[in-house]
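Student: I have a structure to read and would like to know the grounds for the terms used about it. Could we take them one at a time?

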Amino acid sequence: MPMIARVEAGQVVELRTGDIQDVPVHKRTNWRTVVEVAPPAVNTELSTVLRDGYTLSDTIVTEKWVVLARSPEEQKTGVQREAYRRIALQLNLTQAPIELMPQVLFQQLVLRQLNALMRAVDLLDKKAGGTALTAQEQAVLDQTTTSARRIRQIITAGDAIENTVPIPANFKNNSLWPT
């Protein structure tokens, strides 16, 4: 449904759903058709979009938008969430909803990594003690080592992105992260 705006002294004072033809002819000079402009698409972890008033002409009112950068801390939190998401995928924690990040997921990530580290240490101790690892144990050790390297690469990439000024708007793009 179209919108109309009542204008007084160069300011929009009222918005209504309706058509300019619905306004009595003698009152139409104070009314304009509203041209709704979609807000600009932004990465919401880096910026926010707010309506910044209207642009007026003789017959129409057009919405204006302003894009405001979030604080550096909020932007870095967005990058950290993306890193946590990628680490969660690496550790097969795909069931964790993004809303839990970073608090609960961070705890899950740490526990999963700690368990893998303890298992790897046990296997390395066994190997250092002269006992051969079974094929299954060697596979676990290899997978744990590979996973640890990937997590380290993700953390390094996240740190590099966080330290980029400004943080790139496409920081979630796979090209910025290890494959």
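Tutor: A residue is called exposed when its relative accessible area is over 50%, buried when that area is under 20%, and partly exposed in between. Keep in mind that this is a predicted model.

Student: What makes Thr 59 exposed or buried?

Tutor: The relative accessible area of Thr 59 is 55%. The cut-off for exposed is over 50%, so Thr 59 counts as exposed. Thr 59 sits in the loop between strand 4 (47-56) and strand 5.

Student: Which residues does Thr 59 touch, leaving out those up to four places away in sequence?

Tutor: Thr 59 touches Arg 32 and Thr 33. Arg 32 is 27 residues from Thr 59 along the chain, yet their C-alpha atoms are separated by 5.1 Å.

Student: Why is Leu 68 called partly exposed?

Tutor: Leu 68 has a relative accessibility of 37%. Partly exposed covers what lies between under 20% and over 50%, so Leu 68 falls in that class. Leu 68 belongs to strand 5 (residues 60-69). Beyond four places in sequence, Leu 68 touches Leu 46, Ser 47, Thr 48 and Leu 50. The C-alpha atoms of Leu 68 and Leu 50 are separated by 7.7 Å, with their positions 18 residues apart along the chain.

Student: What class does Asp 142 get, and why?

Tutor: Asp 142 has 40% relative accessibility, so Asp 142 counts as partly exposed. Asp 142 is part of helix 3. Its C-alpha is 9.0 Å from that of Ala 120, a residue 22 places away in sequence.

Student: How do you know whether Ala 83 is buried or exposed?

Tutor: The value for Ala 83 is 9%. Buried requires under 20%, so Ala 83 counts as buried. Ala 83 is in helix 1, and the buried residues of that helix also include Val 79 and Ile 87.

Student: What is Ala 83 in contact with, outside its neighbours within four places in sequence?

Tutor: Ala 83 is in contact with Ile 154 and Trp 177. The C-alpha of Ala 83 is also 6.0 Å from that of Gly 158, although the two are 75 residues apart along the chain. Ile 154 and Gly 158 are both among the buried residues of helix 3.

Student: How is the packing of two helices described?

Tutor: Two packed helices are described by the angle between their axes and by the distance between the axes. For helix 1 and helix 3 (residues 135-162), the angle is about 165° and the axes are 10 Å apart.

Student: Why are helix 1 and helix 3 called roughly parallel or roughly antiparallel?

Tutor: Angles over 145 degrees count as roughly antiparallel. Helix 1 and helix 3 pack at about 165°, and they are therefore roughly antiparallel to each other. Among the residues that make the contact are Val 79, Ala 83 and Ile 87 of helix 1, and Ile 151, Ile 154 and Gly 158 of helix 3. By class, this contact has 7 nonpolar, 4 polar and 4 charged residues.

Student: How do you know that the length of helix 3 agrees with its number of residues?

Tutor: Helix 3 has 28 residues, which should span 40 Å at 1.5 Å a residue; its end C-alpha atoms are 40 Å apart, so the two agree. Helix 1 (residues 72-90), with 19 residues, reaches 27 Å, close to the 27 Å expected.

Student: What makes Ala 9 and Asn 92 worth a remark about phi?

Tutor: Most residues other than glycine have a negative phi. Ala 9 is not a glycine, yet has a positive phi of about 50°. Ala 9 lies in the loop between strand 1 (3-8) and strand 2 (11-17), and its 84% relative accessibility makes it exposed. Asn 92, just after helix 1, has a positive phi of about 60°.

Student: Which kind of peptide bond joins Val 165 and Pro 166, cis or trans?

Tutor: Most peptide bonds are trans. The bond between Val 165 and Pro 166 is cis, with omega about -5°. Pro 166 is in the segment after helix 3.

Conventions:
Residues are numbered from 1 along each chain as its sequence is written. This is a predicted model: local features need pLDDT of at least 70, side-chain atom pairs count only at pLDDT 80 or more; totals for chains, interfaces and linings use all residues. Side-chain values use heavy atoms; hydrogens and water are left out. Helices (H or I, at least four residues) and strands (E, at least two) are DSSP runs, numbered from the N terminus. The expected span of a helix is 1.5 Å times one less than its number of residues. Buried means under 20% relative accessible area, exposed over 50%, partly exposed in between (1.4 Å probe, protein chains only). Axes are lines fitted to C-alpha atoms, for helices over the stretch in contact, and angles run from 0 to 180 degrees between N-to-C directions. Angles under 35 degrees count as roughly parallel, over 145 as roughly antiparallel, 65 to 115 as roughly perpendicular and the rest as oblique. Contact means heavy atoms within 4.5 Å. Ala, Val, Leu, Ile, Met, Phe, Trp, Tyr, Cys and Pro count as nonpolar, Asp, Glu, Lys and Arg as charged, and the others, Gly among them, as polar.
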